[in-house]
Every structure is written in structure tokens, then in C-alpha cells.
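Before the points below are read, it may help to have the sequence and the model open side by side. The note takes up the ligand and its surroundings, then the sheets, and then some local backbone features.

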Amino acid sequence: MPLPRKILIVGGGVFGLSTALSLSKRHPESEVTVVESSPIIPNPHGSSVDTSRIVRADYANAAYSKLAAAAIERWRNTEWGREGRYTQNGLLLVYPADSASAKEYARKSYANVRQIEGVNVEFLPTQKDVLKVVPAYGSELDVAGGYVNWGSGWSDAAASVSYAKSLLDADGKVIFRTGDVERVLYSTASGKSKATGVAFADGATLEADLVVLATGAWSSKLVDLRGRAVATGQAIAYMRISDEEQRELENLPTILNFATGIFIIPPRNKLLKIARHAFGYRNPTAVPVPGENEGRTMEVSLPEKGVPVPLEGQNSFRVALRQLLPRFAEREFVDTRVCWYTDTPKGDFIISYHPDHEGLFLATGGSGHAFKFFPVIGDKVVDAMEGSLDPELREMWTWAGAAVSDGEDFDGDGSRSGERRANLKNELAKTNKASRRSVL
Ligand SMILES: Cc1cc2nc3c(=O)[nH]c(=O)nc-3n(C[C@H](O)[C@H](O)[C@H](O)COP(=O)(O)OP(=O)(O)OC[C@H]3O[C@@H](n4cnc5c(N)ncnc54)[C@H](O)[C@@H]3O)c2cc1C
């Protein structure tokens, strides 16, 4: 299906850049503009930055395993993975004795990756078997088993975004513009609502035939995603390690415990990163209802920049470290950050035209696992724009007929842990109170 001439992509993260790359190859006749609010790409506050992102085909859902395998082929064998952008260190997926859901995820995921990676995947039926793979970890490691996939790895996220941007710059076809989009513009002249462009915070406007929102965790400001996507803040912390510790840990596989959501990626540059893949913090914020002029507002969770991890999150890291790497359990965190996922009810992306507004397309809903697909996701977005996306992916990613009702929780893909709907500001207030108490 031919695409319209003027295409405007809002957002310069994984979804936006990968889509721009694919459009510039497959639709060179289109005029593509990427608008990004951050003057620097990668946006230091976006989701597609940071030192590392796990690249794995280890999914309980076979459709994601297959797509991840295609992406991994690109990370391994093309420029995408060169110059340190991809490191294949393996992934150790573990479960404790008391989590049936984590065990079930690991069982299904093992079956899927075994078909893809064959002998690269090793089943580890007991804690002892797990410890043979990560001897540097403490013998108190609270796991009942798991498996290791030596075909998985991790990517230097910021370097990969810079690489994608450099490809677009070298090609020169896609125009980049810095600006904070305040709203999508619509016309109803034809009797149906049609997106005609965007308006910026400074009042300027930009016209387009097709507006693509690749705005990650900020998307709820521009389109009503209540019951379809929510920004959740996830905890990350870093600690400084010595040269010797770096040598000891750098070649271990990444460890991921889907029961606690905690994962540790082997260190680079003497920084050890520990992170949590959980239900996350919400940050309720009142914003105008998008597309309306009646002055109504709605409450949605939106990212909060530059906040530290609340004490609750830091404590969960200490507990995990006591089990995984006890000698680091009391070491100071040199930095902690809350980084934002765009979570959807089942953890599936939203790659779809908006059913109520012609000319409006969404490419978002990364749900904490989209990074690995960077080399291939743009092609899938363009397939969906053209109407040629594989039916299996179309069904997962299309705009769902019904939104999840307000009181209902998003369960994701079964890989999340922790408290549901924890409120970021409340947790930060508790943290401040605790630190005041400790000073007194
Ligand atoms: C802590 C953490 C760990 C993760 N770990 C993994 C992992 O191990 N493996 C994996 O595969 N994935 C992982 N992910 C998920 C992955 O990183 C994300 O799914 C992916 O980066 C999302 O990309 P995006 O393009 O949707 O969002 P972003 O990268 O945030 O891009 C959206 C961009 O839109 C811009 N924007 C938003 N609103 C506007 C506006 N109004 N006007 C102009 N510009 C705007 C923003 O500035 C931003 O740069 C992780 C994510 C986080 C946060």
C-alpha cells in the first residue's frame, strides 16, 4: 500500500529512529521528519539510553522469540553489533522455589529458545547447577533452578541510538527537528477526524499527511491511552567496582530472576548495574484530555525526570545482592535512577493506526522489552503502515477493541514482580522522611 508523502515521526528513541530508517529505505519518495524534544539524541531522559539493555530471544511467547532471533542475527552479524554495541555474554534465567509463575515462564522460554539456539541453551535443574555457571555468586543464592542461554547478550543502548542516528544523518533524507510537541492537530472537514500535523509548545505548527507517535512513556499526553498504556518508573542503581572485580564479573552471563524482577548485567568501565523489571512506580499527573477543546483534564502517569530510586527500591537491591553478590550488598550506590517503561496490559507493543483518527499511527508500548528489536522493529512498523504485517504480530499489536477498565491492573506478560501501582511521590516522601530520621 502506498504511504502518504509527508510523514512526521514524533520521538527519536528506538521506535522513532528504527521507523525512520525503514521508511527512508522502503519509501524514499516520502518526506520524513523526526521531531524530538531533546536537543540531543539519544535523549538522556528517554527509555532508549543507559549503559545496557538485554538482548534475548528468551520469551515465553514464541512470536517474540522468533522476532528477537531475527534481531539477534543483526546484532551478531552486521554493523549494528560492532564497536562494542553488542556483547554476547549469555543470559541466566533463574527462578526461586516459591514462584510457580517464574518457573512456568522459564519453562516456556527454555522450550522456545532451545528451538532457536539448540546446544547454546543448557537446562540447570538445581541451585548447584546454577552456581556452576556463576561461581562468583554467593552459595546463599535463593534459586531452585533455571537455564543459561549462551546465545543471548546485551547492547550498549546509548551507543546504539547514536549509531542509528548516524546512519540517518549520513543518508541525509530524514529531516530532524528539535521541539516539544504539545498536541496533535486534527481536521474534521471530511466529516471524519483526520490528523493534519502537530502544534509545538511555542505555538509553531508542522503539517503532515501521517503523524506517527513514537513518544514512549510521554505518549499519554498526546493521545488518550487510559487502559491501554501507562508510564511506569523502574529502579536502576550503579556501584563502583575495582579492576579486579571488573575482571572477575565481566564475562559472566547476565542474571535475570523473573520472580523478583532483579537483573544484573556484567559490568563495563568498572560500574556494576543492578536493575528491577517490576510493576514499577506510577506518577499520576493531570493533563488536558487530548483532542478535546472543552478544558477537561485527565489523570495519567507521566515520567518524572532526574529522581533517585526510593528507599523501597534501594532496599530490594540490597536484599538481592545479599543473595547474588553478598560482598557488594552494603557498598554505596554511586548513582540511582528511575527509568520509564511504557507498559501495556499484556506487555505487547502498540503498532497500529488509531481507529478514530485517520492519519494517526502509534508505535509505542515498549513494555520494558523493545530495545533488542531496534534493528528490525522499524520494518514491522512500516509493514503495519502498509497493511502487510504478519497476522500474528498484527493481532498482538493492533489497537485493542476495548481498553482495560480503570480499576483493573495490567498483568503484562507474567514477568513482573513487586507492588502494583506504587506511587512514586509517596515513596520519595517516605525516603525523605527516613533520611531525616537517620540524620537526627
Ligand atoms: C530501565 C529500563 C531497562 C530496560 N531493559 C531492557 C532490556 O534489557 N531489553 C530490552 O529489549 N528492552 C529494555 N527496555 C525497554 C526499551 O529500552 C524500551 O522499550 C525502548 O527503549 C522504548 O523506546 P521508545 O522509542 O518507545 O521510547 P524513548 O526512547 O523514550 O523515545 C521516545 C522519545 O520521544 C520523545 N518525546 C516524547 N514526547 C515528545 C513530545 N511531546 N515532543 C517531542 N518529543 C517527544 C522523548 O523525548 C523520547 O526521546 C528497558 C527500559 C528501561 C527504562
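1. Two strands are taken to pair if DSSP finds at least two bridges between them. With that in mind, strand S8 (residues 153–155) pairs with S3 in the antiparallel sense, over 3 bridges, and within this pairing Ile-54 stands opposite Trp-154 of S8. The model in which this is seen is a predicted one.

2. The pair belongs to an open sheet of 3 strands, in which the order is S3-S8-S4 and the pairing is antiparallel. Its edge strands are S3 and strand S4 (86–87), each of which pairs on one side only.

3. Which residues come nearest to the ligand? Of the 32 residues around the ligand, those that come nearest are Glu-36, Ser-48, Ile-54, Cys-339 and Lys-372. Ile-54 is thus a residue to look at twice, since it is named here among the nearest to the ligand and also stands opposite Trp-154 in the sheet pairing described above.

4. Several polar contacts to the ligand involve the backbone of the protein. A polar backbone atom of Val-14 is 3.1 Å from an oxygen atom of the ligand, and a backbone N or O atom of His-369 likewise lies 3.1 Å from an oxygen atom of the ligand. For Gly-368, a backbone N or O atom lies 3.4 Å from a nitrogen atom of the ligand. On its own the ligand has 1,000 Å² of accessible area, and the protein covers 96% of this.

5. As to where the shell around the ligand comes from, the elements that give two or more residues to it are helix H1 (14–26), strand S3 (53–55) and strand S21 (335–343). Among the contributors, S21 gives the most, with 3 residues. Sorted by class, the shell holds 14 nonpolar, 14 polar and 4 charged residues.

6. A second open sheet is formed by 6 strands in the order S9-S2-S1-S13-S23-S22, and its pairing is mixed. At the edges of this sheet are strand S9 (175–178) and strand S22 (350–353), each pairing on one side only. Neighbouring strands here are turned against each other by 20° on average, with direction ignored.

7. Within the 6-strand sheet, strand S2 (residues 31–36) and S9 pair in the parallel sense over 4 bridges, and the bridge partner of Val-34 in S9 is Phe-176. Helix H8 (residues 374–386) packs on this sheet, where it touches strand S13 (210–213), S22 and strand S23 (360–364), and the direction of H8 makes about 25° with that of S22.

8. Two backbone features in loops deserve a look. A cis peptide bond, with omega of about 5°, joins Ile-41 and Pro-42, and Pro-42 is placed in the loop between S2 and S3. Glu-83, a residue other than glycine, has a positive phi, near 55°, and its place is in the loop between helix H2 (62–77) and S4.

Terms used: Residues are numbered from 1 along each chain as its sequence is written. This is a predicted model: local features need pLDDT of at least 70, side-chain atom pairs count only at pLDDT 80 or more; totals for chains, interfaces and linings use all residues. Side-chain values use heavy atoms; hydrogens and water are left out. A residue is near a molecule or strand if one of its heavy atoms lies within 4 Å of it. A polar contact is a pair of N or O atoms within 3.5 Å; within protein, one must be able to donate a hydrogen and the other to accept it, and residues adjacent in sequence count only if both atoms are side-chain atoms. Accessible areas come from the Shrake-Rupley method with a 1.4 Å probe; for residues, only the protein chains shown count as cover. Ala, Val, Leu, Ile, Met, Phe, Trp, Tyr, Cys and Pro count as nonpolar, Asp, Glu, Lys and Arg as charged, and the others, Gly among them, as polar. Axes are lines fitted to C-alpha atoms, for helices over the stretch in contact, and angles run from 0 to 180 degrees between N-to-C directions. Contact means heavy atoms within 4.5 Å.
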